[in-house]
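Got the viewer open and a cartoon on screen? Here is a walk through the fold, one selection at a time.

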Amino acid sequence: MPTKNRFAELQNEITEWRRDLHENPEILFETHRTSAIVADKLKEFGCDEIVTGIGRTGVVGVIKGNKTGSGKVIGLRADMDALPIHEQTGLDYASKTPGAMHACGHDGHTAMLLGAAKYLSETRNFDGTVVVIFQPAEEGGGGGREMCEDGMMDRWGIQEVYGMHNWPGRPLGSFAIRPGAFFAATDTYEIVFEGRGGHAAKPQEVIDTNVMTATAVTTLQSIASRNADPVDQIVVSVTSMESSSKAFNVIPQRVTIRGTVRTMSKEMRDLAEKRINEICNGVAATFGGTADVNYMRGYPVMVNHDEQTQFAADVAKSITGQCDEAPLVMGGEDFAFMLEERPGAYILVGNGDTAAVHHPEYNFNDEAIPAGCSWWAEIVEQRMPAA
């Protein structure tokens, strides 16, 4: 079964929606214009129920099949928010908002799910109910968590949930997925080393926070190399160092470092937090100073459920003939919160040979629209067949 002919017919219209969203990006929970457009489109399509304000600015639409006797309810989720990046594509529909752009393709995800919603509202060739979920604040705001905390899963009785992300570098319109841990947990930390500042010419009178910090930064790398099992995935990165002094001849009283930790299991996540505290406090004490460690847990590991992953892969194969095994991704994805509440799966669709996501020259490839829309529609029609 190739991509659905209806999506080839709708491609120009869906592309227009996508490019309008691209031209008008909104960050985190500030997706007011985007959310209003989504709600208006769902109303135009004839959805049975449309609710706004879920997870602050999220939108939910309900589409009932020609039959609902199966009692099945499936959720389909797309993210809507952009990134705080200044666009450098030179496109005639480039962002009109300085310092904001759709650098991760959420404009494409939203447009594709709208296309699927239009088709499903037209045909209703399924036995059950579809809940289309348009989520704000995936890029660090935890919009998925907030929609779940607003009771979305229970309110509409969602039993399974499916998501999708475009993937630059994969052949256009191809699919890839993996069961189990897929995207990493994304934690951050801030550590303030406190010593005793003084004149650089009198090091014997100071407690040197620079030496303290340099030792800690180097030692933190031993978490991956000497504490973690070599077959487990863990990244501990220091991304920022800030001294309380900018002078050439002053040893600072205080140095702050910041960074991120990426892990693929609860065990590695717990280990990283424990060892960061132990290393930084131990190093600081060795040099006579102190360390104030603030470890902040972000998105959890995104874990695909086995049975739903196999089903999602089979659907992809029915569209393109194959579905590859995706690599582990050390980036984060807050669809993880939805997969903690309900079984489901997350798949990658190829964006072709384009700039990487989170790059100022990235752009979603509109030629991927028929494949993405078809996958979402087939998830519904194959999971809840009308006959």
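Start by selecting residues 32-45, helix α2, in this predicted model. Helix α2 lies across β1, β2 and β4 (129-135), and its direction makes about 10 degrees with β2. Now add residues 106-123, which are helix α3. That one lies across β2, β3 (73-79), β4 and β5 (160-167), running at about 145 degrees to β3.

Next, hide the helices and look at the sheet under them. In what order do the eight strands of this open sheet come? Going across, you pass β1, β2, β4, β3, β5, β16, β6 and β15, with mixed pairing. The edges are held by β1 (49-54) and β15 (324-325); each has a single partner strand, so one side of each has no neighbour in the sheet.

Zoom in on the β1 edge. Its partner β2 covers residues 58-64, and the two run antiparallel with five bridges between them. Show I50 and you'll find G61 of β2 as its bridge partner. Then pick V51, which stands opposite V60 in β2. The hairpin of β1 and β2 has three residues between the strands, and G55 has a positive phi there, near 65 degrees.

Two more backbone stops, this time at residues that aren't glycine. Select A137, in the loop between β4 and α4 (143-149). Its phi is positive, near 55 degrees. Is A137 buried or exposed? With a relative accessibility of 0%, A137 counts as buried, because the cut-off for buried is under 20%.

Now jump to H358, in the loop between β16 (344-350) and α11 (369-383). H358 also has a positive phi, about 70 degrees. Colour by accessibility and H358 comes out as partly exposed, at 41%; that class runs between the 20% limit for buried and the 50% limit for exposed.

On to the other sheet. Select β10, β12, β8 and β13: in that order, these four strands form an open antiparallel sheet. Here β10 (234-243) and β13 (290-299) are the edge strands, each with a single partner, so each has one side without a neighbour in the sheet. Ignoring direction, neighbouring strands of this sheet are turned by 15 degrees against each other on average.

Look closely at β10 and its partner β12 (residues 254-263): nine bridges join these antiparallel strands. One pair to label is I234 with its bridge partner T263 in β12. Then bring back helix α8, residues 266-286, which packs on this sheet. Helix α8 touches β8 (185-194), β10, β12 and β13, and makes about 165 degrees with the direction of β13.

Last stop: the largest pocket. Which residues should you centre on? Try E138, E139, G331, G332 and E333, which lie nearest the pocket's centre among its 23 lining residues. The elements giving two or more residues to this lining are β5, β8, β12 and β13, and β8 gives the most, with three. Colour the lining by class and you get seven nonpolar, 10 polar and six charged residues. Turn on a surface to see the space itself, about 430 Å³ in this pocket.

Conventions: Residues are numbered from 1 along each chain as its sequence is written. This is a predicted model: local features need pLDDT of at least 70, side-chain atom pairs count only at pLDDT 80 or more; totals for chains, interfaces and linings use all residues. Side-chain values use heavy atoms; hydrogens and water are left out. Two strands pair if DSSP finds at least two bridges between them. Contact means heavy atoms within 4.5 Å. Axes are lines fitted to C-alpha atoms, for helices over the stretch in contact, and angles run from 0 to 180 degrees between N-to-C directions. Buried means under 20% relative accessible area, exposed over 50%, partly exposed in between (1.4 Å probe, protein chains only). On a 1 Å grid over the protein atoms alone, a cavity is a set of points where a 1.4 Å probe fits but cannot get out, and a pocket is an open set with protein on both sides within 12 Å along at least five of seven lines; lining residues have an atom within 4 Å of a point. Grid points are joined across faces, edges and corners, and a volume is the space filled by probe spheres set on the points. Ala, Val, Leu, Ile, Met, Phe, Trp, Tyr, Cys and Pro count as nonpolar, Asp, Glu, Lys and Arg as charged, and the others, Gly among them, as polar.
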